[in-house]
Amino acid sequence: MDNRGADDRRSGGRGASDRPERGADERRFGGRGASDRPERGADERRFGGRGASDRPERGADRPYRDRAESTGSGNGSGNFSRGGGDAAGSRRRGGEGGGRGADRRPPRPEEPDLPDEIQAGDLDTTIRRDLLSLDKGNAETVSRHLVMAAQVLDDDPQLALAHARAARQRAGRIAVVRETAGVVAYHAGEWAEALSELRAARRMAGGSGLLAVMADCERGLGRPERAIEMGRSDEGRALTGDEAIELRIVVAGARMDLGQYDQAVVTLQASDLDPARTGSGPARLFYAYADALVAAGRTDEGLTWFFNAAAADLDGETDAEERAAELTGEG
């Protein structure tokens with residue numbers, strides 16, 4: 001997993017501003033906040049995870065940074081099956097048959113250990129309902145792996161991925177499990193695996209899925225053109241609100257990957273680019289816009305928007321103040 005720092009952002013790489021915010025989906029795991037990732041949001045909270053502010057430089061440009069953190073109680077649009085809908089619906093679309101056979105699986109030697117304190121009850125109730133088609137014992141183990149993945153994601157993303165993979169092996173026909181595996185793989189920097197899992201979740205659950213995260217995976221795989229195509233797709237154009245903003249941020253980052261800095265600036269220009277707005281979403285948008293302006297050689301305008309981002313960033317999720325200080329020579 002690569003840690004992209006300030007130098008990377010200045011050179012138009014996938015820094016903190018162009019990654020899609022984690023969003024409501026991540027809230028399911030109980031996340032805290034995300035200064036370096038696109039905001040984790042309510043979705044992460046569902047898993048009881050920590051948040052993104054303490055992670056090594058992931059950048060504001062990451063979509064839905066920590067969707068895999070939702071053991072707590074949130075419920076937002078980003079359940080690990082963003083388009084998945086109700087539990088019954090996800091079971092109809094390929095839930096694991098319950099009661100016999102493969103669902104009655106003993107612990108596997110290759111599975112990571114589950115500490116006694118990790119409880120299935122810590123998983124968000126809506127996700128637990130998605131697991132009702134599993135054998136009871138298997139559902140409990142899958143739930144505990146998902147909780148554990150969320151809790152260690154910040155400190156040990158590779159261990160989190162091992163737990164997510166264990167859950168997928170046990171419940172691979174449940175959309176929310178595949179989505180969780182994809183999100184955790186994304187945060188571990190396993191772009192191809194993340195993309196594969198998120199695509200599988202979309203096939204099972206329908207909906208637009210985590211389009212911004214998928215687009216950012218394409219960037220991670222060195223295919224920024226595909227990320228741009230996703231932004232132009234009918235699904236991409238149909239997104240609204242924070243999801244639409246996150247996708248624009250990723251597409252702008254893809255433009256910067258290609259050295260198309262002026263086009264990155266234009267991509268981010270819309271009515272929601274209003275300096276009077278505050279909060280995580282606006283702060284990330286302003287930061288991405290400032291980054292693109294600086295890359296395009298419009299440093300004075302970029303400085304203004306870094307100041308706007310800092311003012312909007314009520315929870316200190318970005319390093320906008322530090323970037324502004326660098327540009328003014330005060331850093």
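**Helices, cores and contacts in a predicted model**

Helix 15 is followed by Gly329, and the phi of Gly329 is positive, near 85°. This glycine belongs to a predicted model. Helix 15 itself spans residues 320-328. Its buried residues are Ala320, Arg323, Ala324 and Ala325. One of them, Ala324, is also a member of a nonpolar core of 26 residues. That core is described below, after an overview of the chain.

The protein chain has 15 helices and one strand. It holds 331 residues, and 61% of them count as buried. The accessible surface comes to about 12,300 Å². Carbon and sulfur atoms account for 45% of that surface. Contacts were also sorted by separation in sequence. Among contacts in the chain with a separation of 6 or more, 65% join residues 24 or more positions apart.

In soluble globular proteins, nonpolar side chains tend to be buried together. The largest nonpolar core in this model has 48 residues. Leu131, Leu134, Val142, Ile174, Val177, Val184 and Leu247 touch the most other members. Several helices give two or more residues to this core. They are helix 4 (136-152), helix 5 (157-170), helix 6 (175-187), helix 7 (191-205), helix 8 (211-220), helix 9 (224-232) and helix 11 (241-257). Another core lies apart from it and has 26 residues. Its members include Ala283, Tyr287, Leu303 and Ala324.

Helix 11 also packs against helix 12, which covers residues 261-268. The two axes are 8 Å apart and meet at an angle of about 170°. Angles over 145 degrees count as roughly antiparallel, so helix 11 is roughly antiparallel to helix 12. On the side of helix 11, the contact is made by Arg248, Ile249, Val251, Ala252, Arg255 and Met256. Helix 12 contributes Tyr261, Gln263, Ala264, Thr267 and Leu268. By class, this contact has seven nonpolar, two polar and two charged residues.

One loop residue was examined separately. Arg173 sits in the loop between helix 5 and helix 6. Its relative accessibility is 46%, so Arg173 counts as partly exposed. In sequence, Arg173 and Met204 are 31 residues apart. In space, their C-alpha atoms are 7.9 Å apart.

Notes
Residues numbered from 1 in each chain as written. Predicted model: local features only at pLDDT ≥ 70, side-chain atom pairs only at ≥ 80, totals over all residues. Heavy atoms only, no water. Core = buried A, V, L, I, M, F, W, Y, C linked by side-chain atoms within 4.5 Å. Buried < 20%, exposed > 50% of the residue type's maximum accessible area, 1.4 Å probe, protein only. Helix = DSSP H or I, 4+ residues; strand = E, 2+ residues; numbered from the N terminus. Axes fitted to C-alpha atoms, helices over the stretch in contact; angles between N-to-C directions. Parallel < 35°, antiparallel > 145°, perpendicular 65-115°, else oblique. Contact = heavy atoms within 4.5 Å. Nonpolar A, V, L, I, M, F, W, Y, C, P; charged D, E, K, R; others polar. Areas by Shrake-Rupley, 256 points an atom, 1.4 Å probe, with all protein chains shown as cover.
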